[in-house]
Amino acid sequence: MRILVLNWRDLAHPEAGGAEVYTEQVLRRWAAAGHEVTLFAAAVAGRPAAEIVDGYRVVRAGSRFTVYREARRWWDRYGRGRFDVVVDETNTVPFHAHEWVGDGARTIALVHQTCEEIWHINAPPLAAHLGRYVLEPNWLRRLAGAPILAVSASTRDALARFGAADVTVVPEGYEPPVDLPRVAKEPTPTAVFCGRMVSYKRPREVIRAVQLARREVPGLRLWMIGGGPMLDRLRREAPEGVEFLGRVPEEVKHDRMARAHVHLATSVREGWGLVVTEAAAMGTSTIAYDVPGLRDSTRAAGGVVVPPQPEALARWLVELLPGLTTAAPAPLPYGGAHSWDDVATTLLAAVDQHARVPDGVRAATPATDRSIRENQLRGADA
Amino acid sequence: MRISFVVPTRNSARTLDACLASLRTQTHPDVEVLVVDNGSTDATTEIAGRHADQVLQWGPERSAQRNHGTDRSTGDVVVFIDSDMVLEPHIATQIHDRFTARPEVGALIIPERSFGDGFLARCRQLEKHLYVGDAAVESPRAFRREIIEKLGGWDEELTAAEDWDLADRTREVTAVGRVTAWIWHDEGRIKLRATFAKKRYYGRWIDQYVRMHADSSGSKFARTALLRKPGSLLRHPMLTAGLATLKLTEAAGLVMGIRDSRAAASASAGAR
């Protein structure tokens, strides 16, 4: 199959995150299976406009804001007639490929998460209100008529609120480390938080919850793992029992995760919450806020979700810690996620089954002359 | 001791999953969950089907739903939970322990905290905090089966204030105790207009309750607990101002509802 994936970042982008890991893991498996795969993404300083990465082609043009326009231009000049299916990977802003593909190729959207409350954290107040209540609803309602793939039931439910009816949940992927740490749990009750120290992860609320819980579990400790803009301030304010490790190598993170009795997660929302999956793979249960994404990954990993309040997190922590310190759960290799091989296979099957030619688009004859296509590819590389 | 949780629902999809999941993760080993739905058109019954031992259909309103749930439950204890509540894990264990330790106690209060989105939800949090331990406001939720059967269950004539009515009748026949674990009540995003409309609707039954319990109903409305801890209010002046607005809106809704009820009663008397 000839597949075009539109995503505003590729893995080489300095702001690449979980969605790009997902994309990269899947695309290289599709390419290895013999599919002709192209990823269109924003330009990255110091990287070529087109290159082959792990068997698939990456085409880069445009910035954070112009990548959507550049994708459409590239499609009109080089893409038309060359693909069987276009995957519109939505990170807040969709490419709306179903509105402009128009050559008979099938389209489908892939949504990791909706932004919603996160607008208020990532943008100044006026822009946040505009984004949350005007722009994003408008983008998602335009997308609602197209078939959509979502990485969790929470994302599916969120999309349904914007009118999307044809949404299929595909699994999130995870690769357990080759060498799982073989360590005993700490002798004293220990919680761990793992994530960037940014507002939307709410690290302050974890610290507050642990401080409240310490009234009833006096020796309770908290390890805060991760870098980020709030790190220095949080470190300065650190109360007793809280240790900040900053950004650490993966093996150190895994070691601490495995030694802790409980993992705490307090994000405003997630697409899935892969860190919960990771903790479960290390044999550590999660207590998480009951918010979209975290509720999916936490329940899948056998953890517990609580009302999104530090006081509630503290209460559950106090009630559940005795059980967690006496009987540590066995590691769950994939912690509720699937192997990347499974994800790549399931996602491709879902794309093939659910993608459709956009309404009102007349099927055109795809360009089959190989020399023309090669010229077009060269044009993309120029 | 088997603990039966009875949850009446109607279009409760937003909150029901968290509620039922918290019932299913109770540390007590013998827990039964019954959902009594009343014609939901959203995903309520699908969510209920994932967690509950029995999903029943019954009406016309929540008192009748709870009584039907009691009839169909098999537990030694029946606990009435609303679909927007989340229970801490040890509540069922504490209910078992309290009833085992004190045979004279026939019903238990489970204290409540609230959570939700936005400023008014935080005002409500403050309000609920002030009610903890106030006998005029708190009502028992967990009943020994013989007690709830002896009382004849919930008054199906009441759609609001039915918890006060049952609390009054319970205290006449048995001692009421309490557990220390909390119920977390999901207030969602509170809107003044919706609050007014809801209270106006409830006002009709409040009027009926007042006529039925003329001797004891005054304290229910005075809400003296709000004034008993002035320090809590003074520490949060913004929340206090928001709470005052919320309570005034509710009071206006109730007054309008009572007026509607009396106007309807006099119109029907005139027609006769």
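In this predicted model, chain A and chain B meet through 11 residues from chain A and 16 residues from chain B. The size of an interface is often given as the accessible area lost when the parts come together. Here, the area buried between chain A and chain B is about 1,200 Å², and carbon and sulfur atoms give 58% of that area. On the chain A side, Arg315(A), Trp316(A) and Glu319(A) lose the most area to chain B; together they account for 45% of what that side buries.

Let's turn to the polar side of this contact. Between chain A and chain B there are 2 salt bridges, and 4 residue pairs are in polar contact, with both residues at pLDDT 80 or more. One salt bridge joins Arg315(A) to Glu88(B), with the closest N and O atoms 2.8 Å apart. Helix H12 of chain A, residues 310-326, gives the most to the side of chain A that touches chain B, with 6 residues. Sorted by class, that side of chain A has 5 nonpolar, 1 polar and 5 charged residues.

Now for the sheets, starting with chain A. Its open sheet of 8 strands has mixed pairing and follows the order E3-E4-E2-E1-E5-E6-E7-E8. Strand E3 (50-53) and strand E8 (167-169) of chain A stand at the edges with a single partner strand each, so one side of each has no neighbour in the sheet. On average, neighbouring strands of this sheet are turned by 25 degrees against each other, direction ignored. Within the sheet, strand E6 (residues 106-111) and strand E7 (residues 148-150) of chain A pair in the parallel sense over 3 bridges. If you look at this pair in the structure, you will find Leu110(A) opposite Leu149(A) in E7(A). Helix H2 of chain A, residues 67-79, packs on the sheet and touches strand E1 (2-6), strand E2 (36-41), strand E4 (56-60) and strand E5 (85-90) of chain A. The direction of helix H2 of chain A makes about 140 degrees with that of E2(A).

Chain B has an open sheet of 3 strands in the order E5-E10-E7, also with mixed pairing. Its edge strands are strand E5 (85-87) and strand E7 (112-117) of chain B, each pairing on one side only. From one strand to the next, the twist averages 30 degrees. E7(B) and strand E10 (residues 183-189) of chain B run parallel and are joined by 6 bridges. Among the residues of this pair, Arg113(B) has Trp184(B) in E10(B) as its bridge partner. Helix H1 of chain B, residues 13-24, packs on the sheet and touches E5 and E10 of chain B; the direction of this helix makes about 20 degrees with that of E5(B).

The two parallel strand pairs are set out here.

| Strand pair | Bridges |
|---|---|
| E6 (residues 106-111) and E7 (residues 148-150) of chain A | 3 bridges |
| E7(B) and E10 (residues 183-189) of chain B | 6 bridges |

Finally, there are two backbone details to look at. Which kind of peptide bond runs from Gly59(B) to Pro60(B), cis or trans? The bond is cis, with omega near 10 degrees. Pro60(B) sits in the loop between strand E3 (54-57) and helix H3 (62-72) of chain B. In chain A, Glu116(A) has phi near 45 degrees, a positive value in a residue other than glycine. Glu116(A) also lies in a loop, between E6 and helix H4 (119-122) of chain A.

Definitions and conventions. Residues numbered from 1 in each chain as written. Chains lettered and ligands numbered in written order. Predicted model: local features only at pLDDT ≥ 70, side-chain atom pairs only at ≥ 80, totals over all residues. Heavy atoms only, no water. Contact = heavy atoms within 4.5 Å. Buried area = accessible area lost by both parts, 1.4 Å probe. Salt bridge = Lys/Arg side-chain N within 4 Å of Asp/Glu carboxyl O. Polar contact = N/O pair within 3.5 Å; in protein donor to acceptor, adjacent residues only side chain to side chain. Helix = DSSP H or I, 4+ residues; strand = E, 2+ residues; numbered from the N terminus. Nonpolar A, V, L, I, M, F, W, Y, C, P; charged D, E, K, R; others polar. Pairing = 2+ DSSP bridges. Axes fitted to C-alpha atoms, helices over the stretch in contact; angles between N-to-C directions.
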